[in-house]
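The following questions and answers guide a student through one protein chain. Please keep the sequence and the structure in view while reading.

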Amino acid sequence: MLVEWDWWTVEFGDAHAGAVGVLIGGGEPGPVYFDVGSGPEVPSTTHWTAYDGRATRPRAEALRARCACGWRAAAEYPLDWDAIGDEPLYEADVNLSGPLADWNAHLSLVRDKAAPLPEPLAALLVEIAGQLTATSADAPLAALRAVGVLERIAARITREAAGVLSDAGVSAETVAAGLGTTRSKALMLLLTAQDG
């Protein structure tokens, strides 16, 4: 099944990708399957626009924000099918500002729990990003070379910092919260440090 995320940030990547979730009968329905004829694979999706009641698909009653981390918003936004009429949901003028605001509020909480970057380091990262962007326009090969150097530095520092955390017995849950990522990604980081 393909999960189609509506929102994504560079800061948190796929760990906190957001989407509009569908509610039917107070719960989240399973994926919608599309009959494309014979064959071993049947395409499916959980994208909110597929739940429009057409072609025997279920019809969404309300929408809410959801996140790849498992978080679900408490607020529900009922769909006005009288206003939508027979239009497919992907063509209807559905206001998604409520779910988007809820997901952004969730990201604010994730951001608040994340380890703060020291101001000089944050400023340096912004400066490096600007320099790389400018260099990629003027000298793309030089930009790629610089990125390669940064990747090698990042890999070494990642192993060292994760090793310090692992040696100190810091839990994967604490690392996940500090990085704004998933527990499984934090655990992989700690395990990789132990192997290095």
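Q: In this predicted model, which residue meets Asp14 in a salt bridge?
A: Side chains of opposite charge can pair when their charged atoms come close. The side chain of Asp14 takes part in such a contact, with 2.4 Å from N to O. The partner in this salt bridge is Lys185.

Q: How many residues apart are Asp14 and Lys185?
A: Asp14 belongs to the segment before β1, whereas Lys185 belongs to helix α6 (residues 183–195). The pair therefore links distant parts of the chain. The separation of Asp14 and Lys185 is 171 residues.

Q: Is Asp14 buried, partly exposed or exposed?
A: A residue is buried under 20% relative accessible area and exposed over 50%, with partly exposed in between. Asp14 has a relative accessibility of 49%. Because this value lies between the two limits, Asp14 counts as partly exposed.

Q: Which residue forms a salt bridge with Arg72?
A: The closest N and O atoms of this pair are 2.5 Å apart. Arg72 lies in the loop between β4 and β5 and its partner in the loop between β1 and β2 (32–33), so the salt bridge ties together parts that are 44 residues apart in sequence. The partner of Arg72 is Glu28.

Q: Is Asp52 buried or exposed?
A: Asp52 forms a salt bridge with Arg54, at 3.8 Å from N to O. Arg54 is partly exposed, with a relative accessible area of 35%. The relative accessibility of Asp52 is 6%, and because the limit for burial is under 20%, Asp52 counts as buried.

Q: Which residues are joined into one network by salt bridges that share partners?
A: The count of salt bridges comes to eight. One of them is the pair of Arg72 and Glu28. Salt bridges with shared partners make one network of Glu28, Arg64 and Arg72.

Q: Which strands stand at the edges of the open sheet?
A: Three strands form this sheet in the order β1-β4-β5, with antiparallel pairing. An edge strand has a single partner strand, so one of its sides is left without a neighbour in the sheet. The edge strands are β1 (18–23) and β5 (77–78).

Q: What is the bridge partner of Val22 in β4?
A: β1 pairs with β4 (residues 62–67) in the antiparallel sense, over six bridges. In this pairing, Ala19 stands opposite Arg66. The bridge partner of Val22 is Leu63.

Q: How many residues of β1 are buried?
A: β1 is mostly covered. A residue counts as buried when its relative accessible area is under 20%. Of the six residues in β1, the number buried is six.

Q: What is the phi of Thr56?
A: Most residues other than glycine have a negative phi. Thr56 is not a glycine, yet its phi is positive. Thr56 is placed in the loop between β3 and β4, and its phi is about 65°.

Q: Is Ala55 buried or exposed?
A: Ala55 lies in the loop between β3 (44–45) and β4. Ala55 has a positive phi of about 50°, although it is not a glycine. Its relative accessibility is 64%, and because the limit for exposure is over 50%, Ala55 counts as exposed.

Q: What is the accessible area of the nonpolar surface patch that includes Leu117?
A: Leu117 lies in the loop between α2 (97–113) and α3 (119–138), and counts as exposed at 52% relative accessibility. The patch is formed by Leu117, Leu121, Leu124 and Leu125. Together these residues have an accessible area of about 350 Å².

Q: Which residues form the negative surface patch?
A: One member, Glu87, is found in the loop between α1 (81–84) and α2. Glu87 is partly exposed, with a relative accessible area of 34%. The patch is formed by Asp86, Glu87, Glu91 and Asp93.

Q: What distance separates the C-alpha atoms of Leu144 and Leu132?
A: Leu144 lies in helix α4 (residues 140–167), and counts as exposed at 59% relative accessibility. Leu132 is 12 residues away from Leu144 along the chain. Their C-alpha atoms are separated by 8.7 Å.

Technical notes
Residues numbered from 1 in each chain as written. Predicted model: local features only at pLDDT ≥ 70, side-chain atom pairs only at ≥ 80, totals over all residues. Heavy atoms only, no water. Patch = residues over 30% accessible without salt bridge, like charges linked within 9 Å, V, L, I, M, F, W, Y side chains within 5 Å. Areas by Shrake-Rupley, 256 points an atom, 1.4 Å probe, with all protein chains shown as cover. Salt bridge = Lys/Arg side-chain N within 4 Å of Asp/Glu carboxyl O. Helix = DSSP H or I, 4+ residues; strand = E, 2+ residues; numbered from the N terminus. Buried < 20%, exposed > 50% of the residue type's maximum accessible area, 1.4 Å probe, protein only. Lys, Arg positive; Asp, Glu negative; His and termini not counted. Charge placed at Lys NZ, Arg CZ, Asp CG, Glu CD. Pairing = 2+ DSSP bridges.
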